[in-house]
Amino acid sequence: MKNNEIYRAAEIIRKGGIVAFPTETVYGLGTDVFNPLAVARIFEVKRRPYFDPLIVHVANPADVEKLVKGIPSNAKKLTERFWPGPLTVVLLKEEAIPDIVTAGLPTVAIRMPNHSMALSLIKESQCPIAAPSANPFGYLSPTTAEHVREQLGDQVDLILDGGPCLVGIESTIISFIGEKPVLLRPGGVSLEEIESIIGKIKINPIEEDRVSAPGMLPRHYAPRTPIILNWSEKNLDIYKDKKIGLLAFQEPKNNIKFHSVEVLSKKGNMREAATNLFAAIRRLDAKNLDLILAEPISEIGLGRAIMDRLRRASER
Ligand code: TXA
Ligand code: MG
């Protein structure tokens, strides 16, 4: 049954359609990387600006060679260690990749996802799959097929359901274009893990470098309800007439009355917190709150990616 669905999905992609599919990070909305018209439809459906390039998904590390001009040894070390997995590398692209995929950049972002359905889909489609996250631009990324259905349901040709995403937060993006590798987006592989393999890398203050990280806009991943990160229990009075939700990392110790509370990980496990992040914000967002207070997390390991998403979600 599942396999039939994958064959159907692959056929849709081969014919120039667009398919939402699961990965270990978030659901993607994909199509044949070599079909510019199909890629254009993805931008339209997402209402995504054309200056924001897509990630190309491959099913095999060897497939990268045909897509890029060369693979620096540090990039190779990382892909050998973390693929399939939540790591995206930015390399100099081959001409064959249409400009619309890379927003006209001479570079391309590539990753091999760690999800059997995603890998089968790419293999059956017989082409690398260009895919952004399957959400309207600027909104929370989907971590279940249901999330995709709610937001883009009638606009995509098929949604493959692979259950909830196990990592739950997007891939870590590292650029190998400059002299030193640069972290463009913290994600599912922590900076510590990356640096344990290739040594210290540059950490891009993304807002200052829009050319190498287009689309990394300060406001992103945002729900309808305002999220506030800078708050303190002592000053909660200022919100006393408001309907407030709490996005807590661990089981909250205080007894302050919130209208609604989401706990990312009862035991304070960072991995579990990342997995639950987007779905928890969605549940709070559905409760018609006036605001969501989010508890800051220490920026160690996946905490860096979680805080990055929370900061962008709270940006107004
Ligand atoms: O985990 C993920 O990476 C998910 C799943 C579906 O694979 N994909 C994802 O795609 O998060 P998206 O489109 O939501 O975010 C990709 C980001 C873009 O915001 C863009 O800035 C960056 O990747 N990107 C893509 N190509 C790039 C390039 N050539 N140079 C620099 N950044 C690039
Ligand atoms: Mg996205």
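Colleague: How much area does the protein expose, and what share of it do carbon and sulfur atoms supply?
Modeller: About 14,100 Å² is exposed, and carbon and sulfur atoms supply 50% of that area. Keep in mind that this is a predicted model.

Colleague: How many helices and strands does the protein have?
Modeller: There are 9 helices and 14 strands.

Colleague: What makes the protein as compact as a globular protein of that length?
Modeller: Set two values side by side. The radius of gyration is 19 Å, and the globule rule gives 20 Å for 316 residues. The two are close, so the protein counts as compact as a globular protein of its length. Along the principal axes, the C-alpha trace spans about 60 × 45 × 30 Å.

Colleague: What percentage of the residues count as buried?
Modeller: Of the 316 residues, 57% do. The cut-off for buried is under 20% relative accessible area.

Colleague: Among contacts between residues at least 6 apart in sequence, what percentage join residues at least 24 apart?
Modeller: The figure is 67%.

Colleague: Where do the mean positions of the positive and negative charges lie with respect to each other?
Modeller: They are 2 Å apart, taken over 41 positive and 38 negative charges.

Colleague: Which domains does the assignment give?
Modeller: Domain 1 covers 2-203 and domain 2 covers 227-313. Their contact takes 26 residues from domain 1 and 17 residues from domain 2. Between the centres of the two domains, over C-alpha atoms, there are 28 Å.

Colleague: Now some single residues. Why is Gly178 called partly exposed?
Modeller: Its relative accessible area is 46%. Partly exposed runs between the 20% and 50% cut-offs, so the label fits Gly178. Gly178 sits in the loop between strand E8 (172-175) and strand E9 (182-185). From Gly178 to Leu37 the C-alpha distance is 31 Å, with their positions 141 residues apart in sequence.

Colleague: Why is His259 called partly exposed?
Modeller: His259 has 48% relative accessibility. Exposed needs over 50%, and buried needs under 20%. The value meets neither cut-off, so His259 is partly exposed. The residue belongs to the loop between strand E12 (244-248) and strand E13 (260-263). Beyond neighbours within four places in sequence, His259 contacts Lys243, Ile244 and Leu289. Ala134 is 125 residues away from His259 in sequence and 30 Å away in space, C-alpha to C-alpha.

Colleague: What makes Lys202 partly exposed?
Modeller: The relative accessible area of Lys202 is 47%. That lies between 20% and 50%, so Lys202 is partly exposed. Lys202 is part of strand E10. Leaving aside neighbours within four places in sequence, its contacts are Pro181, Val182 and Leu183. The C-alpha atoms of Lys202 and Leu152 are 36 Å apart, and the two residues are 50 apart along the chain.

Colleague: Why is Ala248 called buried?
Modeller: Ala248 has 0% relative accessibility. Buried means under 20%, so Ala248 qualifies. Its place is strand E12. Beyond neighbours within four places, Ala248 touches Glu262, Val263, Leu264 and Glu295. Lys266 is 18 residues from Ala248 in sequence and 9.1 Å away, C-alpha to C-alpha.

Colleague: Which residues of helix H5 are buried?
Modeller: In H5 (residues 116-125), the buried residues are Met117, Ala118, Leu119, Leu121, Ile122 and Ser125.

Colleague: What stands just after H5?
Modeller: Gln126 does, with a positive phi of about 60°. Gln126 is in the loop between H5 and strand E6 (129-131).

Colleague: Why single out a positive phi?
Modeller: Most residues other than glycine have a negative phi. Gln126 is a residue other than glycine, and its phi is positive.

Colleague: Why is Gln126 called exposed?
Modeller: At 66% relative accessibility, Gln126 is over the 50% cut-off, so exposed is the word.

Colleague: What about Tyr221: buried or exposed?
Modeller: Tyr221 is buried, because its 6% relative accessibility is under 20%. Tyr221 also has a positive phi, about 55°, though it is not a glycine. The residue lies in the loop between strand E10 (202-203) and strand E11 (227-228).

Colleague: Which residues does the cis peptide bond join, and what is omega?
Modeller: The bond joins Trp83 and Pro84, and omega is about -5°. Most peptide bonds are trans. Pro84 is located in the loop between helix H3 (73-82) and strand E4 (87-92).

Technical notes
Residues numbered from 1 in each chain as written. Chains lettered and ligands numbered in written order. Predicted model: local features only at pLDDT ≥ 70, side-chain atom pairs only at ≥ 80, totals over all residues. Heavy atoms only, no water. Helix = DSSP H or I, 4+ residues; strand = E, 2+ residues; numbered from the N terminus. Rg over C-alpha atoms; globule rule 2.2 N^0.38 Å. Buried < 20%, exposed > 50% of the residue type's maximum accessible area, 1.4 Å probe, protein only. Contact = heavy atoms within 4.5 Å. Areas by Shrake-Rupley, 256 points an atom, 1.4 Å probe, with all protein chains shown as cover. Lys, Arg positive; Asp, Glu negative; His and termini not counted. Charge placed at Lys NZ, Arg CZ, Asp CG, Glu CD. Domains from an automatic or database assignment.
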